[in-house]
Amino acid sequence: MSKVSVDITTCVGCGLCEQSCPEVFVMEADGVAHVKAHSCSAHNLKEVSEQCPVNCIKVVE
């Protein structure tokens, strides 16, 4: 299983990760993304992390 993390000090809250993979990411009341699961059978989490405009998502296999 992968270990997914979001650096909330870097996250700008664009919501792209949640749009790309709502099974793993959720935008919370603080305006930044949070991880709610560490795996997703429908999406490549490495690809989702690479789309982040501020590179705040890390995926460790």
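Buried here means under 20% relative accessible area, exposed means over 50%, and partly exposed is anything in between (1.4 Å probe, protein chains only). By that yardstick Cys21 is buried, with a relative accessible area of 0%.

Before going on, a word on where this comes from: this is a predicted model, in which local features need pLDDT of at least 70, side-chain atom pairs count only at pLDDT 80 or more, and totals for chains, interfaces and linings use all residues. Residues are numbered from 1 along each chain as its sequence is written, and side-chain values use heavy atoms, with hydrogens and water left out.

**The overall fold**

The chain has two helices and four strands, where helices (H or I, at least four residues) and strands (E, at least two) are DSSP runs numbered from the N terminus. Going along the sequence, you meet them in the pattern β-α-β-β-α-β. The chain's radius of gyration is 10 Å, close to the 10 Å that the globule rule gives for 61 residues, so the chain is as compact as a globular protein of that length. That radius is taken over C-alpha atoms, and the rule is 2.2 Å times the number of residues to the power 0.38. The C-alpha trace spans about 25 × 20 × 15 Å along its principal axes.

Of the 61 residues, 34% are buried. The chain exposes about 3700 Å², with carbon and sulfur atoms supplying 50% of it; accessible areas come from the Shrake-Rupley method with a 1.4 Å probe, and for residues only the protein chains shown count as cover.

**The cysteines**

How many disulfides are there? A disulfide is a pair of cysteine sulfur atoms within 2.5 Å, and by this rule the count is zero. Cys14 is in no disulfide, and its nearest cysteine sulfur, that of Cys52, is 6.0 Å away. For Cys21 the closest cysteine sulfur is in Cys40, at 3.5 Å, which is too far for a bond.

**Residues to look at**

Here is how some individual residues compare on accessibility.

| Residue | Relative accessibility | Class |
|---|---|---|
| Cys14 | 47% | partly exposed |
| His34 | 17% | buried |
| Thr9 | 70% | exposed |
| Asn55 | 48% | partly exposed |

His34 sits in strand E3 (residues 33-35). Its side chain makes a polar contact of 2.9 Å with the side chain of Asp30. A polar contact is a pair of N or O atoms within 3.5 Å; within protein, one must be able to donate a hydrogen and the other to accept it, and residues adjacent in sequence count only if both atoms are side-chain atoms. Setting aside neighbours within four places in sequence, His34 is in contact (heavy atoms within 4.5 Å) with Ile8, Val24, Phe25, Val26 and Glu28.

Thr9 is in the loop between strand E1 (3-6) and helix H1 (16-20). The side chains of Thr9 and Asp7 share a polar contact of 2.5 Å. Thr9 and Cys56 are 47 residues apart along the chain, yet their C-alpha atoms are separated by 8.4 Å.

**The last strand and the loop before it**

Asn55 lies in the loop between helix H2 (45-51) and E4. Asn55 is not a glycine, but has a positive phi of about 55°.

In a regular strand the side chains alternate between the two faces of the sheet. Strand E4 (residues 57-60) has Ile57 and Val59 on its covered face, with Lys58 and Val60 on the uncovered one. E4 runs antiparallel to E1, joined by four bridges; strands pair if DSSP finds at least two bridges between them. Among the partners, Lys3 bridges to Val60 in E4.
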